[in-house]
Amino acid sequence: MPAEDTTGIHCRLDELLEQRGMTLTELSKRVGVSLVNLSVLKNDRAKAIRFSTLAAVCQALECEVGDLLVTDPGAAG
């Protein structure tokens with residue numbers, strides 16, 4: 001089995017949801033993105049994200065892109 005591609009980018013969706021007392025299901029309803037797609041993002045398995053999705057998630061969570069996506073140099077490979 002090949003090693004997973006890692007970009008060195010970590011999604012902090014879990015932490016932001018917890019800080020705001022919001023569930024992934026609630027976020028999904030607010031932004032109009034499927035629960036499955038948000039789960040992929042939350043678990044750092046996304047290969048790409050639409051700017052419109054990124055903007056909607058940040059608006060719903062009242063955060064900036066840099067609060068949601070952070071670099072993790074130790075994960076790049």
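**Helix α2 and its partners, and a pocket lined in part by α3**

Visitor: At roughly what angle do the axes of α2 and helix α4 cross?
Guide: In this predicted model, α2 and α4 are oblique to each other. That description follows because angles of 65 to 115 degrees count as roughly perpendicular and those over 145 as roughly antiparallel, whereas the axes of α2 and α4 (residues 51-61), which come within 10 Å, cross at roughly 120°.

Visitor: Is the crossing of α2 with α4 left-handed or right-handed, and which residues of α4 does α2 meet?
Guide: The passage of α2 across α4 is right-handed. The residues of this contact divide into six nonpolar, no polar and one charged. On the α2 side stand Leu27, Arg30 and Val31, and the residues they meet in α4 are Ala56, Val57, Ala60 and Leu61.

Visitor: Leaving aside its neighbours within four places in sequence, with which residues is arginine 30 in contact?
Guide: Arginine 30 lies in helix α2, and its C-alpha is 9.9 Å from that of leucine 61, although 31 residues separate the two in sequence. Once the neighbours within four places are set aside, the contacts of arginine 30 are with Met22 and Ala60.

Visitor: How far apart are the axes of helix α2 and helix α3?
Guide: Helix α2 (residues 24-31) and helix α3 (residues 35-42) pack at an angle of about 120°, and α2 and α3 are therefore oblique to each other. Their crossing is right-handed, while the separation of their axes is 9 Å.

Visitor: Which residues make the contact of α2 with α3, and how do they divide into nonpolar, polar and charged?
Guide: From α2 the contact draws on Leu24, Thr25, Leu27, Ser28 and Val31, and from α3 on Leu35, Leu38, Ser39 and Lys42. Sorted by character, the residues of this contact are five nonpolar, three polar and one charged.

Visitor: Which element gives the most to the lining of the second largest pocket?
Guide: The second largest pocket holds about 150 Å³ of space, and its lining consists of Val33, Asn37, Leu38, Val40, Leu41, Ala46, Ala48, Ile49, Arg50 and Thr53. These lining residues divide into seven nonpolar, two polar and one charged. With four residues, the element that gives the most to the lining is α3.

Conventions
Residues are numbered from 1 along each chain as its sequence is written. This is a predicted model: local features need pLDDT of at least 70, side-chain atom pairs count only at pLDDT 80 or more; totals for chains, interfaces and linings use all residues. Side-chain values use heavy atoms; hydrogens and water are left out. Axes are lines fitted to C-alpha atoms, for helices over the stretch in contact, and angles run from 0 to 180 degrees between N-to-C directions. Helices (H or I, at least four residues) and strands (E, at least two) are DSSP runs, numbered from the N terminus. Angles under 35 degrees count as roughly parallel, over 145 as roughly antiparallel, 65 to 115 as roughly perpendicular and the rest as oblique. A crossing is left-handed if the near helix is turned anticlockwise from the far one by less than a right angle, and right-handed if clockwise. Contact means heavy atoms within 4.5 Å. Ala, Val, Leu, Ile, Met, Phe, Trp, Tyr, Cys and Pro count as nonpolar, Asp, Glu, Lys and Arg as charged, and the others, Gly among them, as polar. On a 1 Å grid over the protein atoms alone, a cavity is a set of points where a 1.4 Å probe fits but cannot get out, and a pocket is an open set with protein on both sides within 12 Å along at least five of seven lines; lining residues have an atom within 4 Å of a point. Grid points are joined across faces, edges and corners, and a volume is the space filled by probe spheres set on the points.
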